Each structure stands twice: as C-alpha cells, then as structure tokens.
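This report describes one protein chain, going from its overall make-up to a few chosen sites. The sequence and structure come first.

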Amino acid sequence: MSRTLTILLATLGSAALLGGAFIFQAFGYPPCAMCIWQRWPHGIAIAIGLIALMLPGRVLPLLGALAAVTTAAIGVFHTGVERDWWEGPASCTGTGQSLGSLSGGDLLSMDGPRLVMCDVVSWELFGLSMASWNALFSLVLVGLWVTALRRS
C-alpha cells in the first residue's frame, strides 16, 4: 500500500469515528467528558492527514500515529473506568461532587444540562462500549499511520 493511500485511509478512518460519535450524539447519546477527550485526537489526525497528503516526509505520519495512539489510550482508560477496573476522574464519575450541596428541587429539576457519567456504559455492541470500539479502531489507524511512516 502506498504512503498516500495509507494516509488517506487513516484520515478517513478518523473522520468516520468522529462522525460516528456525532451521529450517536444526534440519536440521543450525549457524550461524557472522557468521550469528548477521545474526539480531539481524531480531529487533530484529520488535520494532519490532510496536510500529509500534500507534503512529503516522515514527521506528519509520525504525528498522525501519535494522535491515533492517544485516542486509543484514552479509549482504553475510559473502558477501564466503565468496567470498574480503575478509578476515573472525580469530575465525571460516581466519586464526583457530593449531593449534599444540591437541594431536593435541584435533584428533581428537569431543567439544565443532562449529567453524563464517565463510569456508565450508555451503549454497547457485542459487550464492548463506544470507548472500547474507539480504542480498537484507533489501534487499526495507528497501524495505517505506521505503514505510511515506513513508506515515507
């Protein structure tokens, strides 16, 4: 596979994963904070890919691989938080803010943003959450970026 084709596939892969995240959001699955963290490296990988398609060299495929491995690592960490393998950030898990500062009216109110916890699986397929699928597919993208790096 040529450098150009592997960069194109890696770029389109990140675009597909990012687009899928927004589609899930449109269908009523709002993202948690860690879900948002996983989106940023995909956006960066897309920008890197578009530039790398125009410029030769090894630096951009390396940066693309780093972006893909970053989102994969966040996805693995997020999966561990969802599965109670380790603690997640207190700001978006069940260990976060105490309810003592909220009144009964606050707890019953339907107004305001919906709280999405990072340690709750909101959707899964074949036993894997969205974070898990992101990690797996992102590791495939790492392979594509590394192939492009080797072809550079």
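## Overall make-up

Of the contacts in the chain that link residues at least 6 apart in sequence, 79% join residues at least 24 apart. The model is a predicted one. Five helices and two strands are found in the chain, and from the N terminus on their order is α-α-α-α-β-β-α.

The chain has 152 residues, of which 34% are buried. About 8,800 Å² is exposed, and carbon and sulfur atoms supply 71% of that area.

## Helix H1

Helix H1 covers residues 3-26. Its 24 residues, at 1.5 Å a residue, should span 34 Å, and the C-alpha atoms at its ends are 34 Å apart, so the expected and modelled spans agree. Just after H1, Gly28 has a positive phi of about 100°.

The buried residues of H1 are Arg3, Thr6, Ile7, Ala10, Thr11, Gly13, Ser14 and Leu18. They pack against three helices: H2 (33-52), H3 (59-82) and H5 (130-151).

## The nonpolar surface patch

A nonpolar patch of about 910 Å² lies on the surface. It is made by Met1, Leu5, Leu8, Leu9, Leu12, Leu50, Ile51, Leu53, Met54 and Leu55. H1 and H2 are the elements that give two or more residues to this patch, and H1 gives the most, with four residues.

Leu5, one of the patch residues, is found in helix H1. Its relative accessible area is 39%, and Leu5 is therefore partly exposed, since this class lies between 20% and 50%.

## Two buried positions in helix H5

Asn134 is placed in helix H5. Its relative accessibility is 9%, so Asn134 counts as buried, the limit being under 20%. The side chain of Asn134 makes a polar contact with the side chain of Gln38, at 2.9 Å. Leaving aside residues up to four places away in sequence, Asn134 touches Leu17, Gln38, His42, Thr71 and Gly75.

Ala135 is also in helix H5. With 5% relative accessibility, Ala135 counts as buried. Apart from residues up to four places away in sequence, Ala135 touches Ala72, Gly75 and Val76. Between Ala135 and His78 there are 57 places in sequence, while their C-alpha atoms are 9.3 Å apart in space.

## The salt bridge

How many salt bridges does a search of the whole structure find? The search finds one. Side chains of opposite charge can pair when their charged atoms come close. Here the partners are Arg83 and Glu124, whose closest N and O atoms are 3.6 Å apart. Arg83 lies in the loop between H3 and helix H4 (104-108), and Glu124 in strand E1 (residues 124-125), so the pair ties together parts that are 41 residues apart in sequence.

Are the two partners buried or partly exposed? Arg83 has a relative accessible area of 28% and is partly exposed. Glu124, at 43% relative accessibility, counts as partly exposed too.

Terms used
Residues numbered from 1 in each chain as written. Predicted model: local features only at pLDDT ≥ 70, side-chain atom pairs only at ≥ 80, totals over all residues. Heavy atoms only, no water. Expected span 1.5 Å × (residues − 1). Buried < 20%, exposed > 50% of the residue type's maximum accessible area, 1.4 Å probe, protein only. Contact = heavy atoms within 4.5 Å. Patch = residues over 30% accessible without salt bridge, like charges linked within 9 Å, V, L, I, M, F, W, Y side chains within 5 Å. Areas by Shrake-Rupley, 256 points an atom, 1.4 Å probe, with all protein chains shown as cover. Salt bridge = Lys/Arg side-chain N within 4 Å of Asp/Glu carboxyl O. Polar contact = N/O pair within 3.5 Å; in protein donor to acceptor, adjacent residues only side chain to side chain.
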